[in-house]
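Please examine the model shown here and work through the exercises that accompany it.

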Amino acid sequence: MIEVKQEGLVLFGFSVALLGTLQGRLPDRSVLVVEEPDVARARGVDALAVDYPAVSRVIRAEYQDPAGLELLLASEPAIAGAAAVLPGGEYAVVPAAVVAERIGVRGASVAAARAFRDKFELRLLTSAAGLRNPGFALVDTIDQAEQFFLAADGRACVLKPTARQASAGVQIITEVAQIREGWRASADPDEGHRVPGRGVPSRVLFEHALSGSEYSIEALVADGQTVFSNVTAKSVRPGRFPVELGHTVPAVITPALRGELERESRRLVAATDLQNGILHSEWIVTGEGPTLIEGGARMPGDEIGTLISQAWGFDLSEAYLQLMLGQSSVVPGSATAGAAIVFLTAPPGELVALDGLEHARSLPGVCDVRVGVELGAVISPVTSSWDRVGQVRTRAGTAAQAQHLAQQAAAAIAITVRTPVPAPA
């Protein structure tokens with residue numbers, strides 16, 4: 001059991017993934033959750049919280065807005081006595097860092113949090129520090145974006161929002177006409193109930209597309225020093241919308257490349273002044289070496305944390321929390337197994353049949369098979385991570401074996417879609 005007093009942990013954003021992983025390791029009523037009112041209502045957070053005895057209460061506050069955060073701190077004295085403050089998701093990174101600094105507990109540092117929350121600011125900061133970045137520009141209008149693309153002289157470019165998550169609004173542009181057609185999708189991506197009704201402030205970034213193998217690095221950082229590091233190999237959907245389709249832990253790469261990626265991760269920690277927490281950074285390795293794509297000062301998504309825990313033989317979430325509490329924890333020096341996840345997608349249309357789930361679940365080494373849509377549901381085109389319909393997660397003796405098994409299990413699942421969607425009667 002992790003030692004933390006009642007409401008000693010403040011979690012900004014209700015994270016089912018984090019709370020679920022720590023279930024049974026936290027004392028009852030030890031977590032005070034802060035959630036945006038719109039998000040709490042849309043997600044039914046009060047009902048969700050019942051399943052987590054560690055949650056003491058859920059406070060509704062517009063914490064993602066600086067003025068709302070100040071009102072929260074003035075009205076909730078319990079927050080000042082917390083021993084740790086964690087972000088439950090991407091949009092909570094800056095508020096969590098601000099509160100941690102205000103009450104004098106471990107945090108990312110406000111400067112680092114702000115850098116990681118804005119892809120353009122991160123590009124400026126890391127370029128100045130000598131880290132490799134693609135060519136990039138902030139574009140305020142369609143005309144500016146078209147000028148950038150034409151100057152790239154036929155090179156594919158990436159149009160993306162500076163401050164959104166889950167690949168929402170990220171698109172590969174190969175023709176100038178696509179810019180006008182897709183501008184709104186990048187300038188104001190629709191994330192539904194996952195964001196407050198007032199929206200999430202963001203700008204538009206345009207940059208040169210890169211070709212190469214893709215990796216992420218997950219690092220635990222204490223007092224500015226990396227104390228644990230993992231390299232994850234990732235697969236990405238080809239085409240206009242580069243949504244992530246799978247992850248393998250640890251990446252099957254040479255020791256030389258692993259060392260180079262880990263060195264770049266440490267340079268990123270130093271450049272951003274990240275002090276305490278977890279860093280998830282994404283890279284593409286070209287002929288010139290690792291190039292930074294983006295990063296987040298919070299737990300990685302896509303169950304990468306679970307993959308790391310399975311492959312390395314320790315609980316990443318628990319180690320992260322203990323680090324933030326200033327408690328000691330032991331992290332291994334190398335992975336002892338392999339773990340992988342493959343995400344399921346389907347063409348747009350009405351889901352009419354779903355077969356092979358039980359067979360996939362029966363395969364040795366398969367840990368989880370999950371589909372998040374029901375028969376009759378209308379499946380949207382895959383333009384972000386939110387549009388994936390399911391997943392298969394595996395563990396095996398090696399990473400290569402886990403990846404092969406995940407692909408085999410995913411291939412056993414048949415998703416049948418009828419298109420076009422029948423009109424209402």
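The exercises below treat strands, sheets, helices and enclosed spaces in turn.

This is a predicted model, in which local features need pLDDT of at least 70 and side-chain atom pairs count only at pLDDT 80 or more, while totals for chains, interfaces and linings use all residues. Residues are numbered from 1 along each chain as its sequence is written, and side-chain values use heavy atoms, with hydrogens and water left out.

**Exercise 1.** Determine whether strand β12 is buried or exposed, and identify its pairing partners.

Solution.
Step 1. Helices (H or I, at least four residues) and strands (E, at least two) are DSSP runs, numbered from the N terminus. A residue is buried under 20% relative accessible area, exposed over 50% and partly exposed in between (1.4 Å probe, protein chains only).
Step 2. In β12 (residues 277–286), 10 of the 10 residues are buried, so the strand is largely enclosed by the rest of the structure.
Step 3. Two strands pair if DSSP finds at least two bridges between them. Strand β9 (residues 213–222) pairs with β12 in the antiparallel sense over 9 bridges, with E218 opposite H280.
Step 4. Strand β13 (residues 289–296) is also antiparallel to β12, through 7 bridges; here V285 has P290 as its bridge partner. The connection from β12 to β13 is a hairpin of 2 residues.

**Exercise 2.** Describe the sheet that contains β3, β2, β1 and β4, and the helix that lies across β1 and β4.

Solution.
Step 1. The sheet is open, with 4 strands in the order β3-β2-β1-β4 and parallel pairing.
Step 2. At its edges stand β3 (55–60) and β4 (84–87), each with a single partner strand, so one side of each has no neighbour in the sheet. From one strand to the next, the twist averages 20 degrees; axes are lines fitted to C-alpha atoms, for helices over the stretch in contact, and angles run from 0 to 180 degrees between N-to-C directions.
Step 3. Strand β2 (residues 31–35) is joined to β3 by 5 bridges, and V31 stands opposite V55.
Step 4. Helix α5 (residues 93–103) lies across β1 (9–12) and β4, at about 170 degrees to β4.

**Exercise 3.** Establish the strand order of the sheet that contains β5, β8, β6 and β7, and locate the helix α8.

Solution.
Step 1. These 4 strands form an open sheet, ordered β5-β8-β6-β7, with antiparallel pairing.
Step 2. Its edge strands, β5 (136–138) and β7 (171–173), each pair on one side only. The twist averages 25 degrees from one strand to the next.
Step 3. Strand β6 (residues 157–161) pairs with β7 over 3 bridges, and V158 has I172 as its bridge partner.
Step 4. Helix α8 (residues 142–151) packs on this sheet, touching β5, β6, β7 and β8 (contact: heavy atoms within 4.5 Å). The direction of α8 makes about 5 degrees with that of β8.

**Exercise 4.** Characterise the lining of the largest cavity.

Solution.
Step 1. On a 1 Å grid over the protein atoms alone, a cavity is a set of points where a 1.4 Å probe fits but cannot get out, and lining residues have an atom within 4 Å of a point.
Step 2. The largest cavity is lined by 15 residues, and P87, A108, N276, A297 and M324 lie nearest its centre.
Step 3. Two or more lining residues come from each of β4, α5, β12 and α12 (316–325); α5 gives the most, with 4 residues.

Key
1 Å grid on protein atoms, 1.4 Å probe; cavity = no way out; pocket = protein on both sides within 12 Å on 5 of 7 lines; lining within 4 Å.
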